[in-house]
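Here is a walk through one protein model, going from a sheet to the helices around it and then to some charged pairs. Have the fold open on screen and follow along.

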Amino acid sequence: MRINKKIYVFLFIALLSFVLTACASEPDDNTSDSNTVGEGTQGGDLIITTPADAVSLDPAASNDTPSSDVQRNIFETLVAQDENMENQPLLAEEWEQIDDTTWEFKLRQDVTFHDGSEFNADVVKANIDRTLDPEVGSPRAIMYNMISEVEVIDDYTVHFKTEYPFAALPAHLAHPGGVMISKDQIEEDYAAMENGEEAGSVISENPQGTGPFKYEDWQPGQQIQLVNNEDYWGEPALLDSVTFKVVTEDLTRIAELQTGDSHIANSLSPSDIDQIEGTDHLSVQSQESLALSYLGFNMEKEPFDDERVRQAIAKAINKEDILSGIYDDIGIPAHTPVAPSVFGYNEDVRDQEYNVEEAKDLLAEAGYENGFSTTIWTNDDRQRIDTATNIQAQLKEIGINAEVRTMEWGAMLEQTANGEHDMFVFGWTTVTGDADNGLYPLFHSDNLGEPGNRTFTDNEELDELLDQGRQESDPDERLELYRQTQELLAEITPMVYIHHQEYLLGVDDSVKGLTQSPTQLLNLKEVSIE
């Protein structure tokens, strides 16, 4: 299939999802009917509150939504995905698969980075090579480890050679891990590594991309501010600046929205909807997601190395109780790791059915007739804390005493990657819309820890199915392989799938043109403030 479209499709670009503060500048008198939804005015500082700060502004050094929200405003990918998760041109104007293991990408020729350097084929090669470099140690390398070589054909043509046929490559290049960083800055970062600095330290300190916003300032734990890139290669963004403001307490985020100290509260709990909708100048925006919330087990620790214990806990948890009691029935119960709108989802697969008596029998069979004591970790998010507390109460019915421990976001990421946890309430978004991204990072033994497999699942049969799924080019064969994969996971039970959520935002009515993608990231380029 060949794609060749004028790249005004850049309108899917900027995302953010968490932060803001700072001074709002005076609005400009000029308006643009062609670039706004509603009667927005160009200019102003958009303030978004978020519960967590970015981990890093180097895309190769992070794999979390708060970091991606900021990065995707600064950097751009070769391919974008629209609201239907269909691939669209961005920094690449067109692409085609020229044989089973070779893809050709034609690049835009009018793009410069924020530091003034040129975007070209050498830049693409430098970025992919860096992401795959073991010395850099990127957790996002798993998105591109099927690439054996990036070959520069000419200044604006590259060939991606893969170790095996990989039909999802364009979607993977649309992933936040596929953004393009200035080659000059990459070289500067490598020089710093030779002098003993950490990989990504130079890039995170002053990131240089091609996006519609430029990095301005980062006050760790407080806010990150971006400003309009007036030299953007396409139509510029309408806002003067965007501030991502860290507000960890969700009720404080709502209060700031009500008083006008912020424009967007990202995200909302379903229990907050009435309060937002009851305020004259506020509204709630919702978006179906590709996300999963789950209770994960550390399968390297006793007693969670016993399949019967994991199955018993899964049978003891009533998902409907969690969905209705915490999420006000917003979202749907999950029976597989992938959401219904993800390619590879199978509606016939079912995980462990809720049955307390069977759960008790399985625990007794495993030698835990009187239960045991353990911990449930989660980050400081009200819905996740409430979910963990609900699970804690349900597990008491089968004799398991679970202490809920709440952790700061960065500490949660680090310590679960190191395998220090017992059980944990967490989430995952299948960013590419393809089951490979929803299964391979979470469950393949190559990805233990930081890349995504925080349950430390290590199963040879499962690995083989996941490898075949990403190497098969026939869509029907891939669907069958992913059906088998989801059935095997239902048996192994590395996690209890809770629900596929619906994203909720609190938005001031002065904000025009705001949309949110099914991957949770916000599209900011067309946003204006009335």
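Contact here means heavy atoms within 4.5 Å. Keep in mind that this is a predicted model.

**Helix H9 and what it leans on**

With that cut-off in hand, start at helix H9 (residues 319–327), where Lys 319, Ile 322, Leu 323, Ile 326 and Tyr 327 are buried. Looking down the axis of H9, you find these buried residues within an arc of 100°, so they line one face of the helix. What do the buried residues of H9 pack against? They pack against E15, helix H11 (382–396) and E19. Both ends of the helix are worth a look too. At the N-terminal end, Asn 318 acts as the cap of H9, with a side-chain oxygen 3.0 Å from the backbone nitrogen of Glu 320. Just after H9 comes Asp 328, which takes a positive phi of about 50°.

**The sheet**

Two of those packing partners, E15 and E19, belong to an open sheet of six strands. Its order is E15-E19-E14-E18-E16-E17, and the pairing is mixed. At the edges sit strand E15 (332–333) and strand E17 (400–407), each of which pairs on one side only. E15 joins E19 in the antiparallel sense over two bridges, and Ile 332 stands opposite His 500 in E19. Helix H13 (residues 435–443) also packs on the sheet, where it touches E18 and E19. The direction of H13 makes about 145° with that of E18.

Now for strand E14 (residues 291–297), which has E19 and E18 on either side of it in the sheet order. Is E14 mostly covered or mostly exposed? Mostly covered: seven of its seven residues are buried. In a regular strand, side chains alternate between the two faces of the sheet. You can see two sets in E14: Ala 291, Ser 293, Leu 295 and Phe 297 point one way, while Leu 292, Tyr 294 and Gly 296 point the other way, and all are buried.

Both neighbours pair with E14 in the antiparallel sense. With strand E18 (residues 423–429) there are seven bridges, and Leu 292 has Trp 428 as its bridge partner there. With strand E19 (residues 495–500) there are four bridges, and Ser 293 is partnered by His 499.

Further along the sheet, Thr 378 has its place in strand E16 (residues 372–379). Its relative accessible area is 0%, so Thr 378 counts as buried. A polar atom of the Thr 378 side chain lies 3.3 Å from the backbone oxygen of Val 425. Leaving aside neighbours within four places in sequence, Thr 378 is in contact with several residues, including Arg 384, Ile 385, Ala 388, Met 412 and Val 425.

**A buried isoleucine elsewhere**

Ile 254 is found in helix H6 (residues 250–259) and is buried, with a relative accessible area of 1%. Not counting residues up to four places away in sequence, Ile 254 touches Leu 268, Asp 272, Gln 275 and Ile 276. Glu 205 is another matter: 49 residues apart along the chain, the C-alpha atoms of Ile 254 and Glu 205 are separated by 30 Å.

**Charged pairs**

Side chains of opposite charge can pair when their charged atoms come close. The count comes to 23 salt bridges, and here are three that involve helix H10.

| Pair | Closest N to O |
|---|---|
| Arg 308 and Glu 365 | 3.8 Å |
| Glu 358 and Lys 315 | 2.9 Å |
| Glu 357 and Lys 360 | 3.8 Å |

Take Arg 308 and Glu 365: Arg 308 lies in helix H8 (residues 307–316) and Glu 365 in helix H10 (residues 356–365), so this pair ties together parts that are 57 residues apart in sequence. Arg 308 is partly exposed at 28% relative accessible area, whereas Glu 365 counts as exposed at 54%.

For the next pair, Glu 358 lies in helix H10 and Lys 315 in helix H8, so parts that are 43 residues apart in sequence are tied together. Glu 358 is partly exposed, at 37% relative accessible area, while Lys 315 is buried, at 10%.

Glu 357 and Lys 360 are three residues apart in helix H10, so about one helical turn separates them. Glu 357 counts as exposed at 52% relative accessibility, and Lys 360 is partly exposed at 35%.

Finally, there is a network of salt bridges to find: it links Asp 58, Arg 130 and Asp 189.

Conventions:
Residues numbered from 1 in each chain as written. Predicted model: local features only at pLDDT ≥ 70, side-chain atom pairs only at ≥ 80, totals over all residues. Heavy atoms only, no water. Buried < 20%, exposed > 50% of the residue type's maximum accessible area, 1.4 Å probe, protein only. Pairing = 2+ DSSP bridges. Axes fitted to C-alpha atoms, helices over the stretch in contact; angles between N-to-C directions. Arc of directions from axis to C-beta. Polar contact = N/O pair within 3.5 Å; in protein donor to acceptor, adjacent residues only side chain to side chain. Salt bridge = Lys/Arg side-chain N within 4 Å of Asp/Glu carboxyl O.
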